[in-house]
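Me: Please take a close look at one part of this structure. I am new to it, so spell out the terms as you go.

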Amino acid sequence: MLARSILTAFLAVAMCFSVSAADNNEEAWEALRDGRAVLMLRHALAPGTGDPGNFDINDCSTQRNLNDTGREQARAWKPFLADHGIADARVFSSQWCRCMDTATGMDMGKVTEWPSLNSFFRNRGDGPAQTRQTIALVNELEDGAPVIMVSHQVNITGLTGIFPSSNEGAIIALPLSEDPTVLARVSPGR
C-alpha cells in the first residue's frame with residue numbers, strides 16, 4: 001500500500017512536470033491574449049496534396065476536404081485555446097472548404113473569409129502579393145479579441161519560413177512584417 005502511494009505521488013509530480021515542460025510558450029499565449037500577437041494555423045488534416053484539376057472554390061466536392069480525423073482536430077482547438085485563456089476570437093480564413101471547415105469547427109466565433117489567405121500552391125507567383133496583403137490586413141485591425149487565421153502550408157511558409165504540419169499553428173508577434181517573429185509553434189495534439 002505504501003509503495004502504491006509513493007508511486008501515485010511520483011506519477012502526479014512527473015505529470016505536472018511534463019505538462020509544464022511541454023508548454024513553455026506562456027509568453028506567446030499571453031501576447032496572443034493581449035493582442036500583441038496573432039495565431040496563424042494550417043487547416044486540419046485533409047489527405048492529399050494540392051487540389052484536383054477541376055477545383056472550384058464554390059464547390060467543396062471539387063476540393064481536398066477534411067476527413068474524420070481533420071474534423072476532430074478542428075474541434076480540439078476550442079478546449080485547447082480555452083486552456084490558454086482564449087474563449088472567443090476573431091477568426092479569418094482562406095475560402096477553401098478545408099480551411100473554412102477548420103475555422104468553423106473550432107467554434108471560436110464568427111468566421112470571415114480573407115482571400116489573401118487562399119492557397120497559392122498552384123500559382124506561387126501570387127505568394128508575395130498575398131503575403132503583403134495579409135500583413136496589411138492584420139496590421140489594420142482594431143484592438144479586440146485575439147486573432148486567428150486559418151490558411152495553408154504555402155501561405156504560412158511564405159510569411160514565416162516555417163513548414164507547419166496539418167492543424168499546427170504559429171503564434172506570430174505584431175505588427176506583422178515580411179520578416180515576422182514566430183513566438184511559438186502550437187497544436188492541440190502537442
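Reply: Contact here means heavy atoms within 4.5 Å. Helices (H or I, at least four residues) and strands (E, at least two) are DSSP runs, numbered from the N terminus. The model is predicted: local features need pLDDT (confidence per residue, 0 to 100) of at least 70, side-chain atom pairs need 80 or more, and totals for chains, interfaces and linings use all residues. Numbering starts at 1 along each chain as written, and side-chain values use heavy atoms, without hydrogens or water.

The part to look at is helix α6, residues 153–160. First, a word on confidence. The protein averages a pLDDT of 89, and 87% of the residues score at least 70. Set residues 1–22 aside: pLDDT stays under 50 there, and the model gives them zero contacts beyond four places in sequence.

Now the helix. α6 is mostly covered, with six of its eight residues buried (under 20% relative accessible area, 1.4 Å probe, protein chains only; exposed is over 50%, partly exposed in between). The buried ones are Q153, V154, N155, I156, L159 and T160. Their cover includes two helix or strand neighbours already worth finding, β1 and α5 (127–139). It also includes β4, β5 (169–173) and β6.

Next, look at what those strands do elsewhere. β1 (37–42), β4 (147–151) and β6 (182–186) each give two or more residues to the largest nonpolar core. Such a core is a set of buried Ala, Val, Leu, Ile, Met, Phe, Trp, Tyr and Cys residues joined through side-chain atoms within 4.5 Å. It has 24 residues, and L39, L81 and I148 touch the most other members. Helices α2 (26–33), α3 (68–83) and α4 (97–106) also give two or more residues to this core. A second, separate core has 15 residues, among them V38, M40, M149 and I162.

Take L39. Beyond its neighbours within four places in sequence, L39 contacts L32, W77 and L81, among others. Its partners also include V147, I148 and M149, then G169, A170, I171 and V186.

Back to α6, and to an enclosed space beside it. One cavity reaches 30 Å³ or more. A cavity is a set of 1 Å grid points over the protein atoms alone where a 1.4 Å probe fits but cannot get out; lining residues have an atom within 4 Å of a point. Joined across faces, edges and corners, the points carry probe spheres that fill the volume. The largest cavity holds about 50 Å³. N155 and L159 line this cavity, along with M40, S116, L117, F120, Q130, T131 and T134. Both N155 and L159 are also among the buried residues of α6. α5 and α6 each supply at least two lining residues. α5 gives the largest share, three residues.

Then follow the chain past the helix. Just after α6, G161 takes a positive phi of about 85 degrees. N167 lies in the loop between α6 and β5. Its phi is near 70 degrees, positive in a residue other than glycine. N167 is buried, with a relative accessible area of 3%. After β5 comes another loop, between β5 and β6, where P175 is found. A cis peptide bond joins L174 and P175, with omega about -5 degrees.

For contrast, go to D107, in the loop between α4 and β3 (111–113). Its phi is near 55 degrees, again positive in a residue other than glycine. D107 is partly exposed, at 47% relative accessible area.

Note on methods: 1 Å grid on protein atoms, 1.4 Å probe; cavity = no way out; pocket = protein on both sides within 12 Å on 5 of 7 lines; lining within 4 Å.
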